[in-house]
Amino acid sequence: MKQATFADRLSEAKFIRKMKQVELCAATGIGKSAMSQYFKGSFEPKPDKVASIAKALNVSEAWLMGYDVPMEAQKTKVFPGEAISILQGQTRMIPLFESVAAGFGCYANNQIIDFIPLLITTDEEAENTICIKVSGNSMYPKIENGDIIVVHKQDSVDSGQIGVFLIDNEEGVVKRANYVYGEDWLELLSINPEYMTRRFEGAEVERVKTLGLVKQVIKNI
């Protein structure tokens, strides 16, 4: 939930870090006029500018934007796993949601708990990418409780891929899909053998909606 404006947090961070406005402009490459407008609250910067300012002030992007999160920047380590290559592109601030349900439901501000900087190639990819904090260990050891998954929003995944699914419009799960094209059944598989396979046949398949493809895992370390 937002507790302050961007302008308020910007002024607070500048005071705490003992940084002059001209120094902040030099560190971020943002012009004096635009920076002055940010401080006045006339308008808020775009995500890439927020990232530059947060980096220069060494604060969390979400905190800087006014959300009720710790001020200090969160440090995480990325393990590629089955992730797509993101070696080229520019840093985009991708929203982190507290759960699968929050991430694909109503995009209320209080459902965003932080922003994760990711290298993403296009605006379209950025718009269709979200991060979700995983609860549970059904996909252990690949995805553990507290890990963050990077998800590309799409309405289908290939058999064998890990996706995010909504069952009966209320239960969000992260599972590996298993099906044969042309046949009327779908299995949602857990990696952890302690969890049973969920199989849907015939009309039951309609109970499952594909929400997105898991592209990357950010481990909780």
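**A pocket, two cores and a few odd spots**

Visitor: Which elements each supply at least two residues of the lining of the second largest pocket?

Guide: β8 (185-189) and β10 (208-219) do. Strands here are DSSP runs of E, at least two residues, and helices are runs of H or I, at least four, numbered from the N terminus. A pocket is an open set of points on a 1 Å grid over the protein atoms alone where a 1.4 Å probe fits, with protein on both sides within 12 Å along at least five of seven lines; lining residues have an atom within 4 Å of a point.

Visitor: Okay, and what kind of model am I looking at?

Guide: A predicted one: local features need pLDDT of at least 70, side-chain atom pairs count only at pLDDT 80 or more, and totals for chains, interfaces and linings use all residues. Residues are numbered from 1 along each chain as its sequence is written, and side-chain values use heavy atoms, with hydrogens and water left out.

Visitor: Back to that pocket. Which residues are the closest to its centre?

Guide: Its space comes to about 300 Å³, counted as what probe spheres fill when set on the points, which are joined across faces, edges and corners. There are 16 lining residues, and Tyr179, Trp185, Leu186, Val205 and Thr210 are the closest to the centre. β10 gives the most to the lining, with 3 residues.

Visitor: Zooming out, how many helices and strands does the chain have?

Guide: It has 7 helices and 10 strands. Of the 221 residues, 42% are buried (under 20% relative accessible area, with exposed over 50% and partly exposed in between; 1.4 Å probe, protein chains only).

Visitor: What about the largest nonpolar core, which residues have the most contacts inside it?

Guide: Leu10, Ile53, Leu64, Ile149 and Val174, out of 42 residues in that core. α4 gives the most to it, with 5 residues. A second, separate core has 11 residues, among them Ile167, Leu188, Val205 and Leu213. A core here is a set of buried Ala, Val, Leu, Ile, Met, Phe, Trp, Tyr and Cys residues joined through side-chain atoms within 4.5 Å.

Visitor: Which residues is Leu64 in contact with?

Guide: Setting aside neighbours within four places in sequence, Leu64 contacts (heavy atoms within 4.5 Å) Thr5, Phe6, Arg9, Leu10, Val50, Ile53, Ala54 and Val59.

Visitor: New topic: Ser60. Buried or exposed?

Guide: Ser60 counts as buried because its relative accessibility is 2%. You'll find Ser60 in the loop between α4 (47-57) and α5 (61-64). Not counting residues up to four places away in sequence, Ser60 touches Ala54, Val69, Pro70, Met71, Glu72, Ala73 and Asp114.

Visitor: And where is Glu72?

Guide: In the loop between α5 and β1 (77-79). Glu72 has a relative accessible area of 43%, so it is partly exposed. Beyond four places in sequence, Glu72 touches Arg17, Asn58 and Ser60.

Visitor: Anything odd in the backbone?

Guide: A few spots. Most residues other than glycine have a negative phi, and most peptide bonds are trans. Asn58 isn't a glycine, yet its phi is positive, near 55°; Asn58 lies in the loop between α4 and α5. Lys18 has a positive phi too, about 55°, in the loop between α1 (6-16) and α2 (21-28).

Visitor: Is Lys18 buried or exposed?

Guide: Exposed, because its relative accessible area is 73%.

Visitor: Which residues does a cis peptide bond join?

Guide: Tyr140 and Pro141, with omega about 10°. Pro141 sits in the loop between β4 (129-133) and β5 (148-153).
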